Amino acid sequence: MALSPLSFKLITLISFLLLSLSKASLATTLGHHRRHPRYTPHNYRDALAKSILFFQGQRSGKLPPNQKMAWRKDSGLSDGSSMNVDLVGGYYDAGDNVKFGFPMAFTTTMLSWSVVEFGGVMKNELNNAKQAIRWATDYLLKATALPDTIFVQVGDANKDHACWERPEDMDTPRTVLKIDKNNPGSEVAAETAAALASASLVFKKSDPTYSKLLIKTAIRVFEFGDKYRGSYSNGLNNFVCPFYCSFSGYQDELLWGAAWLHRATKNSSYLNYIQENGQNLGGVEFDNTFGWDNKHVGARILLSKAFLIQNVKSLYEYKDHADNFICSLIPDAPSSSSVHYTPGGLLFKMGDSNMQYVTSTTFLLLTYAKYLTSAHTTANCNGRSITPNILRTIAKKQIDYLLGENPLKMSYMVGYGSHYPQRIHHRASSLPSIAEHPAKIDCSSGFFVMHSNSPNPNVLIGAVVGGPDQNDEFPDERSDFEQSEPSTYINAPLVGSLAYFAHSFGQL
């Protein structure tokens with residue numbers, strides 16, 4: 001039977017509306033936030049590219065031909081030789097020349113999580129992010145090559161910090177530290193497992209063979225860390241403390257590692273592990289600081305997805321725990337007593353490298369907003385409904401502050417904008433490059449530069465420093481490591497947040 005003209009028009013209209021709704025739903029699932037205004041003074045895409053490029057300035061080892069940060073050269077080419085192992089590669093954690101395995105693994109996990117959640121909108125930057133991840137995972141595979149052993153540090157931090165020299169010149173001891181059955185380090189093992197498991201998801205489609213190697217190693221490393229329990233801060237105290245002591249213990253990393261293995265493998269044994277051990281591992285604690293040491297909040301957000309989206313009913317409590325964290329960040333929420341913001345609006349957790357908590361918290365806000373959106377639900381703050389858009393608004397304010405919307409009009413990302421830190425606490429950036437000064441600069445000679453007021457000659461593009469104090473003040477002094485030192489774990493979660501906003505504002 002032929003349709004009347006009116007019927008045909010109605011069907012056409014209904015089809016158009018359904019198609020429009022489908023497109024809107026897809027955009028929402030991808031995290032596209034249509035309520036953002038079209039205009040923003042910030043170039044999030046530029047900031048994203050620079051936040052990833054920064055990792056090239058932190059590279060240790062033999063640099064590849066496509067190294068863009070050309071003032072850096074090869075370094076640490078004999079790392080591991082004192083123990084007859086190959087530990088060449090990886091990243092220097094911050095402004096020194098030591099390779100600390102604990103924060104390097106966390107950096108890797110957060111870079112991978114950034115890609116897992118927001119890599120779909122990164123476009124041309126996705127490959128650069130993958131390269132940054134692989135530079136770390138290649139090293140972590142070397143560090144975990146021997147059974148029941150992980151090499152967790154290269155370099156003597158005390159002696160390294162007594163010098164101010166370029167990584168290409170360093171002549172301080174390249175001491176190799178390890179954990180094993182007799183000297184356990186469950187937090188480093190479990191964080192390394194999380195790093196390898198999360199990275200396996202990143203490479204699952206583009207390099208399935210490498211992905212399988214990563215997950216196979218992650219499973220083995222987690223089993224080792226869980227079987228031989230203990231903190232690496234005990235056996236290696238004189239070397240890892242006070243630099244990267246595990247103040248929160250190793251329980252949070254075991255929960256975090258199991259959560260990542262569950263997500264990467266979908267193996268029910270990890271779900272059983274979480275259900276049986278979650279409470280003992282601190283899953284219900286109310287600490288709300290997420291960083292290289294404490295992973296509880298990250299684990300709650302990660303596990304909440306399994307309940308919200310995969311409908312794993314047994315993990316329902318992690319949605320409540322995630323909500324508790326979110327509520328602590330809402331300035332006028334009933335449970336926000338623990339939150340503190342500077343007069344200019346920056347989340348402030350502590351004076352030493354506060355920006356790491358800003359970037360990690362912002363990432364969690366955006367990721368949880370994505371999960372809530374997909375589940376068509378909200379966060380519950382003592383009966384008050386907190387929508388995903390509220391979380392995105394808080395996150396945007398933090399990112400915009402970092403990029404220059406603050407009382408000093410200072411971008412805290414080096415190389416972004418016209419006003420950014422000039423004297424960052426970073427040996428390689430502050431000393432003349434090999435090209436400019438081929439002769440060796442020895443241990444003590446560099447301190448003349450460290451204490452000077454001259455700008456760093458090598459721009460460490462994309463580096464985000466520790467940031468302003470609780471009064472929004474920033475002296476831009478090289479000797480002030482608490483405020484002026486960049487680190488890999490400040491940038492890693494920032495990559496995901498910048499990708500989200502660049503996409504949301506039509507820049508990607």
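What is the handedness of the disulfide between Cys163 and Cys443? The torsion about its S-S bond is about -90°, so this disulfide is left-handed. Here are some notes to go with the structure, which is a predicted model.

1. **The Cys163–Cys443 bond.** The sulfur atoms of Cys163 and Cys443 are joined at an S to S distance of 2.0 Å. This pair links distant parts of the chain, 280 residues apart. Cys163 sits in the loop between α5 (157-161) and β3 (176-180), while Cys443 belongs to the loop between α16 (427-430) and α17 (447-450). The two ends also differ in their surroundings: Cys163 is buried, with a relative accessible area of 5%, whereas Cys443, at 23%, is partly exposed. The cut-off for buried is under 20% relative accessible area, which is why Cys443 falls outside that class.

2. **The Cys327–Cys381 bond.** Here the sulfur atoms are 2.0 Å apart. The S-S torsion is about -100°, so this disulfide is left-handed. Cys327 lies in helix α13 (residues 316-327) and Cys381 in strand β4 (residues 379-381), so the bond links distant parts of the chain, 54 residues apart. Both cysteines are buried.

3. **The Cys241–Cys245 bond.** Please look at the geometry of this one yourself. Cys241 and Cys245 form a disulfide with their sulfur atoms 1.8 Å apart. Cys241 counts as buried at 12% relative accessibility, and Cys245 counts as buried at 10%.

4. **The pairing pattern.** How many disulfides does the count give? It comes to three. With the bonded cysteines of the protein numbered in sequence order, the pairing reads 1-6, 2-3, 4-5.

5. **Salt bridges around Arg174.** The count of salt bridges comes to 20. Side chains of opposite charge can pair when their charged atoms come close. One of the salt bridges is between Arg174 and Asp79, with an N to O distance of 2.9 Å. Arg174 lies in the loop between α5 and β3, and Asp79 in the loop between α2 (44-57) and β1 (99-100). The pair links distant parts of the chain, 95 residues apart. Are these two residues buried or exposed? Both Arg174 and Asp79 are buried. They also belong to a network of salt bridges that links Asp79, Lys99 and Arg174.

6. **Asp171 and Lys440.** Asp171 forms a salt bridge with Lys440, and the closest N and O atoms are 2.9 Å apart. Asp171 is in the loop between α5 and β3 and Lys440 in the loop between α16 and α17, so the pair ties together parts that are 269 residues apart in sequence. The disulfide of Cys163 and Cys443 links these two loops as well. Asp171 is partly exposed at 46% relative accessibility, and Lys440 is partly exposed at 47%.

7. **A salt bridge within helix α13.** The side chains of Lys319 and Asp323 meet in a salt bridge, 2.8 Å from N to O. Both residues lie in α13, four residues apart, which is about one turn of the helix. Lys319 and Asp323 are both buried. Helix α13 also holds Cys327, one end of the disulfide to Cys381.

8. **Helix α3.** This helix covers residues 101-118, 18 residues in total. From its first C-alpha to its last it reaches 25 Å, close to the 26 Å expected at 1.5 Å a residue. Of the 18 residues of α3, 17 are buried, so the helix is largely enclosed by the rest of the structure.

9. **Cavities.** A search of the whole structure finds four cavities of 30 Å³ or more. The largest cavity has a volume of about 50 Å³. Which residues line it? Its lining is made up of Gly57, Gln58, Arg72, Tyr92, Ala94, Gly95, Asp96, Asn97, Pro167, His426, Arg427 and Ala428. By class, the lining has four nonpolar, five polar and three charged residues.

Definitions and conventions:
Residues numbered from 1 in each chain as written. Predicted model: local features only at pLDDT ≥ 70, side-chain atom pairs only at ≥ 80, totals over all residues. Heavy atoms only, no water. 1 Å grid on protein atoms, 1.4 Å probe; cavity = no way out; pocket = protein on both sides within 12 Å on 5 of 7 lines; lining within 4 Å. Points joined across faces, edges and corners; volume = space filled by probe spheres on them. Nonpolar A, V, L, I, M, F, W, Y, C, P; charged D, E, K, R; others polar. Disulfide = S-S within 2.5 Å. Buried < 20%, exposed > 50% of the residue type's maximum accessible area, 1.4 Å probe, protein only. Expected span 1.5 Å × (residues − 1). Salt bridge = Lys/Arg side-chain N within 4 Å of Asp/Glu carboxyl O.
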